[in-house]
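The following account proceeds from the surface of a protein chain to its interior. The reader is invited to keep the model in view while following each step.

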Amino acid sequence: YQQMILSHNKNPKNFREIDCPTHHADGHNPLCGDNLTVYLILNKENVIEDISFQGSGCAISKSAASMMTEKLKGISEVEALGLFEQYHQLVTGKLKPETDEHDLGKLTIFSGIWEYPARVKCASLSWHTMKAALDQQAEITTE
């Protein structure tokens with residue numbers, strides 16, 4: 001768990017700005033000081049052709065964003081929103097990865113985060129920002 005988080009924090013995947021994204025949003029977590037922007041290119045078939053993020057934040061926030069971009073690239077908007085719901089259930093302790101059906105794969109490393117309420121916002125900021133981008137909201141703040 002810790003190794004994967006540290007690895008994604010040190011070398012985040014898709015940590016860059018996308019020129020001419022079709023969707024983007026800024027996310028802020030005032031509690032922790034995390035700030036990030038999520039960029040997406042959604043093609044005509046509503047498939048996420050490219051997704052990236054930039055910003056600053058704690059290790060949990062950055063690694064969650066990095067792993068999110070890996071998971072969502074190449075899937076449909078509908079599938080991405082379904083994963084958003086599953087992930088939200090996971091980090092709030094409502095989805096039990098050992099027994100409940102899910103499509104989260106490696107993202108289940110965040111399953112114990114619900115025990116640390118302040119960290120739930122860190123782990124979910126990128127996901128809420130991605131959803132805001134798809135919903136054409138320019139900005140979101142988790143409080």
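**From surface to core**

The accessible surface of the protein chain amounts to about 7,200 Å², and carbon and sulfur atoms contribute 49% of it. This value, like those that follow, is computed from a predicted model. Of the 143 residues in the chain, 45% count as buried.

The overall dimensions come next. Along its principal axes, the C-alpha trace spans about 40 × 35 × 25 Å. A compact globule of 143 residues would have a radius of gyration near 15 Å, and the protein chain, at 14 Å, agrees with that expectation. Among contacts with a separation of 6 or more, 59% involve residues 24 or more positions apart.

The chain contains 4 helices and 4 strands. Read from the N terminus, these elements follow the order α-β-β-β-α-α-α-β.

Which residues touch the most other members of the largest nonpolar core? In this core of 39 residues, they are Leu 72, Tyr 87, Phe 110, Trp 127 and Met 130. At least two core residues come from each of strand 2 (34-42), strand 3 (48-56), helix 2 (59-72), helix 3 and helix 4. Helix 4 gives the most, supplying 9 residues to this core.

Met 130 illustrates how these elements meet. Leaving aside residues up to four places away in sequence, Met 130 touches Val 38, Leu 40, Ile 51, Met 68, Leu 72, Ala 80 and Phe 84. Phe 84 has a further neighbour in Lys 131, whose charged end sits over the ring of Phe 84, 5.8 Å from its centre. A second arrangement of this kind involves Lys 62, whose charged end sits over the ring of Phe 15 at 5.3 Å from the ring centre.

The aromatic residues deserve separate attention. A search of the whole structure yields 3 aromatic pairs. One of them joins Tyr 87 and Phe 110 edge-to-face, with 6.0 Å from centre to centre and 75° between the planes. Tyr 87 belongs to helix 3 (residues 77-91), whereas Phe 110 lies in the loop between helix 3 and helix 4 (117-134), so this pair ties together parts that are 23 residues apart in sequence. Tyr 87 counts as buried because its relative accessibility is 1%, below the 20% limit. Phe 110 is likewise buried, with a relative accessible area of 0%.

Tyr 87 also pairs with Trp 127, and here the rings are stacked, 4.6 Å apart centre to centre with 15° between the planes. Since Tyr 87 lies in helix 3 and Trp 127 in helix 4, the pair ties together parts that are 40 residues apart in sequence. Both Tyr 87 and Trp 127 are buried. Tyr 87, Phe 110 and Trp 127 thus form one aromatic cluster, and these three residues are also among those that touch the most other members of the largest nonpolar core.

A final position to examine is Thr 69, which is found in helix 2. Is this residue buried or exposed? At 0% relative accessibility, Thr 69 counts as buried. Residues up to four places away in sequence aside, Thr 69 touches Lys 13, Asn 14, Ile 51, Ser 52 and Phe 53. Ile 51 is also touched by Met 130. The C-alpha atoms of Thr 69 and Leu 42 are separated by 13 Å, and these two residues are 27 residues apart along the chain.

Conventions
Residues are numbered from 1 along each chain as its sequence is written. This is a predicted model: local features need pLDDT of at least 70, side-chain atom pairs count only at pLDDT 80 or more; totals for chains, interfaces and linings use all residues. Side-chain values use heavy atoms; hydrogens and water are left out. Rings of Phe, Tyr and Trp (its six-membered ring) pair if their centres lie within 6.5 Å; planes under 30 degrees apart count as stacked, over 60 as edge-to-face and the rest as tilted. Buried means under 20% relative accessible area, exposed over 50%, partly exposed in between (1.4 Å probe, protein chains only). A charge sits over a ring if NZ of Lys or CZ of Arg is within 6 Å of the ring centre and within 35 degrees of the ring normal. A nonpolar core is a set of buried Ala, Val, Leu, Ile, Met, Phe, Trp, Tyr and Cys residues joined through side-chain atoms within 4.5 Å. Contact means heavy atoms within 4.5 Å. The radius of gyration is taken over C-alpha atoms; the globule rule is 2.2 Å times the number of residues to the power 0.38. Accessible areas come from the Shrake-Rupley method with a 1.4 Å probe; for residues, only the protein chains shown count as cover.
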